[in-house]
Each structure stands twice: as structure tokens, then as C-alpha cells.
Amino acid sequence: MAFSLAALIARYGYIAVAVGAVLEGESVLLAAGAAAHHGLLHLPTVIAIAAVASTLGDQAWFQIGRRWGTPLLVRLPPLARRAPWFQSLLDRHHTRLILAIRFLIGLRIAGPVLMGWARIDPIRFAVLNAVAALLWAVVITSIGYGLGNAWTALSACPNGRWLIGAILAVLGAVLWHHRPGGRNSDC
């Protein structure tokens with residue numbers, strides 16, 4: 001059975017939004033925003049569910065880091081190698097980092113775990129995490145909504161499908177070129 005994010009959103013709707021917001025988020029929210037544009041989901045409800053689920057998910061990851069952070073670092077050497085660097089960032093910019101971590105690819109789950117391990121104040125983390133989750137839900141879902149609108153407009157044009165294909169091909173090439181472990185992944 002082939003995996004289709006659109007089919008997942010169509011079948012499970014708000015449950016898919018909640019699970020996606022806890023686990024990964026961006027692709028699910030983009031698809032949910034597009035689905036809201038097409039009237040399949042209600043945009044404010046998508047944003048609310050994503051914000052709450054993301055907040056709760058990051059709180060859970062944070063608590064896992066507080067409770068089991070050191071044993072996790074021992075078991076996950078790549079995470080352990082980055083822990084000192086992450087700790088120095090937290091020491092200098094912890095407020096900004098808490099607000100931005102969910103926007104940083106590759107740190108969506110590891111970030112809150114490391115913040116818990118680093119002993120960030122739990123109340124401070126909870127408040128900043130909730131603010132960041134709401135901002136993240138609004139931004140990513142709105143982008144998906146706008147992309148759904150653009151897709152509809154481009155699809156109606158005679159050459160729109162070719163333009164969509166060209167845009168996706170260029171985007172794919174750029175992402176492939178800058179993939180983790182790729183030639184220019186340090187960019």
C-alpha cells in the first residue's frame with residue numbers, strides 16, 4: 001500500500017494533524033493547510049489542534065530529556081557529540097532557541113530532549129514552548145493554505161501543470177543537493 005499524505009489527511013483529518021504535530025509536523029501541517037483551503041478541514045481548528053498537540057508533544061520530549069537525558073546521550077552517540085555545542089547555544093540564547101527549535105530541521109524532537117537534559121527551567125520552557133507552538137502552527141498551516149490556493153490557481157491555467165512540475169523538479173533538485181550527508185549539507 002502506497003503512503004499518501006493527502007489520503008492520510010482525508011481519512012483521519014484532525015487526528016492525523018495531532019499525531020503529525022507531535023512527531024514531525026511540517027509536512028502534515030502543510031497538507032492540512034492545503035486541505036483547509038479546499039474545504040476539507042477548518043483552518044482555525046487545524047491551527048488549534050496543531051498548537052496544542054505540538055506543545056504537549058514537546059513537553060513530553062522535554063520531560064524525557066529531564067528524566068533520561070544522560071542515558072539517552074550514552075545510547076545515541078550522534079546526539080552526544082552535539083550536546084556540548086547545544087549546551088553552549090542554550091547558555092547564550094536559550095529564550096530564542098526555545099522559540100526557534102521547532103523551525104530547525106533535525107532538532108524538532110532532539111531539541112526538547114536536549115533542553116530537558118540541560119536543565120532549562122520547566123516553567124520557562126512550558127511558557128515559551130506554548131508560544132512557539134502557536135506561532136509554528138499558524139505559520140506552517142498558513143503556508144499550506146497558501147500553497148493550496150496557488151495549486152488551485154496554477155492548475156486552472158493551460159500550462160499551469162507544467163509550471164508546477166518544473167517548480168517541484170527544481171525544489172527536489174535543491175533539496176537533493178543539500179540533503180543531510182550530501183555534498184553541500186554543511187551550507
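Reader: Which residues of α3 are buried?
Author: In this predicted model, the buried residues of helix α3 are Val28, Leu29, Ala32, Gly33, Ala34, Ala35 and Ala36.

Reader: And how far apart are the end C-alpha atoms of that helix, against what its 12 residues should span?
Author: The end C-alpha atoms of α3, which covers residues 26–37, are 17 Å apart, and this agrees with the 16 Å that 12 residues should span at 1.5 Å a residue.

Reader: What follows α3?
Author: Gly39 comes after α3, and its phi is positive, near 80°. Leu41 also has its place in the loop between α3 and α4.

Reader: Is Leu41 buried or exposed, and why?
Author: Leu41 counts as buried because its relative accessibility is 10%, and the cut-off for buried is under 20%.

Reader: Which residues is Leu41 in contact with, leaving aside its neighbours within four places in sequence?
Author: With those neighbours left aside, Leu41 is in contact with Ala32, Ala35 and Ala36, and also with Ile9, Gly13, Tyr14, Val17 and Val46. Of these partners, Ala32, Ala35 and Ala36 are among the buried residues of α3. As for Tyr14, its C-alpha atom is separated from that of Leu41 by 7.8 Å, although the two residues are 27 apart along the chain.

Reader: Tyr14 is in α2, I think, so which residues of α2 and α4 meet?
Author: From α2, the residues are Tyr14, Val17, Ala18, Ala21 and Val22, and they meet Thr45, Val46, Ile49, Ala50, Ala53, Ser54, Gly57 and Trp61 of α4. By class, this contact has 10 nonpolar residues, three polar ones and no charged ones.

Reader: What is the angle there, and which hand does the crossing have?
Author: Helix α2 (residues 14–23) packs with α4 at an angle of about 35°, the axes being 7 Å apart, and the crossing is right-handed.

Reader: Moving on to α4 and α6, how do those two pack?
Author: Helix α4, residues 43–75, and helix α6, residues 110–117, pack at about 65° with their axes 6 Å apart, and α4 passes α6 in a right-handed crossing. On the α4 side the contact involves Asp58, Trp61, Phe62, Gly65, Arg66, Gly69, Thr70, Leu72 and Leu73, which meet Pro112, Val113, Leu114, Met115, Gly116 and Trp117 of α6. The residues of this contact divide into nine nonpolar, four polar and two charged.

Reader: Where is Arg102, and is it buried or exposed?
Author: Arg102 lies in the loop between α5 (77–100) and α6. Arg102 is buried, because its relative accessible area is 0% and anything under 20% counts as buried.

Reader: Then what does the side chain of Arg102 make a polar contact with?
Author: The partner is the side chain of Asn129, at 2.3 Å. Leaving aside neighbours within four places in sequence, Arg102 is in contact with Glu26, Ser54, Asp58, Arg108, Asn129, Ala132, Ala133 and Trp136.

Reader: Where is Arg119, and what is its phi?
Author: Arg119 has its place in the loop between α6 and α7 (122–156), and its phi is near 65°, a positive value in a residue other than glycine.

Reader: Last topic, the whole chain: how many helices and strands are there, and how much of it is buried?
Author: The chain has eight helices and zero strands, and buried residues make up 34% of its 187 residues. Among contacts with a separation of 6 or more, 72% are between residues 24 or more positions apart.

How values were computed:
Residues are numbered from 1 along each chain as its sequence is written. This is a predicted model: local features need pLDDT of at least 70, side-chain atom pairs count only at pLDDT 80 or more; totals for chains, interfaces and linings use all residues. Side-chain values use heavy atoms; hydrogens and water are left out. Axes are lines fitted to C-alpha atoms, for helices over the stretch in contact, and angles run from 0 to 180 degrees between N-to-C directions. Helices (H or I, at least four residues) and strands (E, at least two) are DSSP runs, numbered from the N terminus. A crossing is left-handed if the near helix is turned anticlockwise from the far one by less than a right angle, and right-handed if clockwise. Contact means heavy atoms within 4.5 Å. Ala, Val, Leu, Ile, Met, Phe, Trp, Tyr, Cys and Pro count as nonpolar, Asp, Glu, Lys and Arg as charged, and the others, Gly among them, as polar. Buried means under 20% relative accessible area, exposed over 50%, partly exposed in between (1.4 Å probe, protein chains only). A polar contact is a pair of N or O atoms within 3.5 Å; within protein, one must be able to donate a hydrogen and the other to accept it, and residues adjacent in sequence count only if both atoms are side-chain atoms. The expected span of a helix is 1.5 Å times one less than its number of residues.
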